[in-house]
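I opened the notebook to look up a few residues and helix pairs in this structure. The entries follow in the order I made them.

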Amino acid sequence: MGNRVTLQEIADALGMSRNTVSRALNNSGSVSADTRNKICQMATAMGYKQFTTIESAPAQTTSASFASKDKMEIALFTHSFPGASHSGTKLLEAFQNKIDSLGYKLSINIIKDYEIENLCFPSNINLDNIAGILCIELFSMEYSRFLCSQNIPILFVDTPIMQKSSLMADTLYMENLSSVYRLISSLIHAGKRNISFVGDRFHCQSFNERWQAYVLALADNGIAVRTDLCILDDDSSPYFDPDFIAEKIRSFKALPEVFFCANDFLATSTMKALKQMGKSIPGDVLVCGFDNSPEATIIEPSLTTVKIHSSSMGYTAADLLLARIANPSMPYKKTYIETDVIYRQSTGPIENEQ
């Protein structure tokens, strides 16, 4: 049939729409890996010239796509499974909805310290069934590199700190820099200069970006960073314990005017500690966080925070990983999803002063 084969003929042979065939052969839009493989096979069998010309050079990519057509499981790897308050919960729900609609199933694998220390997979996992891996809350650089070396399509949602290193994988982040910079700047413009940071700035890339934005906002306004008035302990410290936070605050030479916390969990713990100390929020001190967790609207006073669009991140994560499964050799992507600053009672009437 040669070059007389048309997209419509391929679509008719498969019982699909012409638009679906076009998206698959041109690698545009959302088409599942399994559907794309069927279309590619049919196009090759029918001698569709345009497809043969495009695909003849990267033959390895095509064969890799065909090889994964029977692998319909996507594995979630996580060192700490997201709880009900974590932004990862809605992300996973959206991710699973998307892959379910395309015939994939999601398996959950908790990566323990043993696997991380020995650079190995969980003993119960069958790699022959896995089309791709989604990593959430997995912040060991050594283990992340181990996964990247396995020639399995992979997507990391947040990562270990990447300034001095990189991963051979796609990465997805919530936007951290501009949102935190805007929030800190608005507090400074409202007259606050003594602003504390709470959280392990080296915990992960996102925490580190929030720290960078905090430092930059202070520097741009001529304010020195006072690490002696910050709580920067390692993430293994008991941040969940208000007594731990209160002890740290009591050791300060002065009470900060604002506590910016790297996430809402830390902010909630900090607010409990301040209340134990008899401090009024926002009367004596302001508090803000990051995530917009359910607790942010329940706690008294309600928490100023940064909203992560978790469902959008979930759907984007599915698109990125499925695209990687279909095209293993395409350049790696680093993707950010925009975030929004939400002002509430814990910082007083700051929003109107921006």
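Entry 1, Glu117. I began with one residue and asked whether Glu117 is buried or exposed. I found a relative accessible area of 63%. The cut-off for exposed is over 50%, so Glu117 counts as exposed. I noted that the model is a predicted one. I then placed Glu117 in helix H7, which covers residues 113-118. I also looked up its distance to Glu142: the two residues are 25 apart along the chain, and their C-alpha atoms are separated by 8.7 Å.

Entry 2, the whole protein. I stepped back to the overall counts. The protein has 354 residues, and 51% of them count as buried. I listed 14 helices and eleven strands. I next asked what share of the contacts with a separation of 6 or more comes from residues 24 or more positions apart. That share is 70%.

Entry 3, Ser140. I went to the loop that joins strand E3 (130-136) to helix H8 (141-148), where Ser140 lies. Its relative accessibility is 16%, and because buried means under 20%, Ser140 counts as buried. I checked what its side chain reaches and found the backbone nitrogen of Tyr143 at 3.2 Å. Leaving out residues up to four places away in sequence, I recorded that Ser140 touches Ile116 and Pro160.

Entry 4, Phe95. I moved on to helix H6, residues 88-101, which holds Phe95. I asked whether Phe95 is buried or exposed. Phe95 has 0% relative accessibility and therefore counts as buried. I set aside neighbours within four places in sequence and listed its contacts: Ile74, Leu106, Leu134, Gly314, Ala317, Ala318 and Leu321. I also looked up Ser311, which is 216 residues from Phe95 in sequence, while the C-alpha atoms of the two are 7.8 Å apart in space.

Entry 5, H6 with H14. Several partners of Phe95, including Gly314 and Ala317, led me to helix H14, residues 310-326. I reminded myself that two packed helices are described by the angle between their axes and the distance between the axes. For H6 and H14 the axes come within 7 Å and cross at roughly 45°. At that angle the two helices are oblique to each other. H6 passes H14 in a right-handed crossing. I wrote down who makes the contact: from H6, Lys90, Leu91, Ala94, Phe95, Asn97, Lys98 and Ile99, and from H14, Ser310, Ser311, Met313, Gly314, Tyr315, Ala317, Ala318, Asp319 and Leu321. By class, the residues of this contact are nine nonpolar, four polar and three charged.

Entry 6, H9 with H10. I then looked up another pair, helix H9 (residues 177-189) and helix H10 (residues 205-220). Their axes come within 8 Å and cross at roughly 40°. I therefore entered H9 and H10 as oblique to each other, with a right-handed crossing. Which residues meet here? On the H9 side I noted Leu177, Val180, Tyr181, Ile184, Ser185 and Ile188. On the H10 side I noted Glu209, Arg210, Gln212, Ala213, Tyr214, Leu216, Ala217, Leu218 and Asp220. The contact of H9 with H10 divides into ten nonpolar, two polar and three charged residues.

How values were computed
Residues are numbered from 1 along each chain as its sequence is written. This is a predicted model: local features need pLDDT of at least 70, side-chain atom pairs count only at pLDDT 80 or more; totals for chains, interfaces and linings use all residues. Side-chain values use heavy atoms; hydrogens and water are left out. Buried means under 20% relative accessible area, exposed over 50%, partly exposed in between (1.4 Å probe, protein chains only). Contact means heavy atoms within 4.5 Å. Axes are lines fitted to C-alpha atoms, for helices over the stretch in contact, and angles run from 0 to 180 degrees between N-to-C directions. Angles under 35 degrees count as roughly parallel, over 145 as roughly antiparallel, 65 to 115 as roughly perpendicular and the rest as oblique. A crossing is left-handed if the near helix is turned anticlockwise from the far one by less than a right angle, and right-handed if clockwise. Ala, Val, Leu, Ile, Met, Phe, Trp, Tyr, Cys and Pro count as nonpolar, Asp, Glu, Lys and Arg as charged, and the others, Gly among them, as polar. A polar contact is a pair of N or O atoms within 3.5 Å; within protein, one must be able to donate a hydrogen and the other to accept it, and residues adjacent in sequence count only if both atoms are side-chain atoms.
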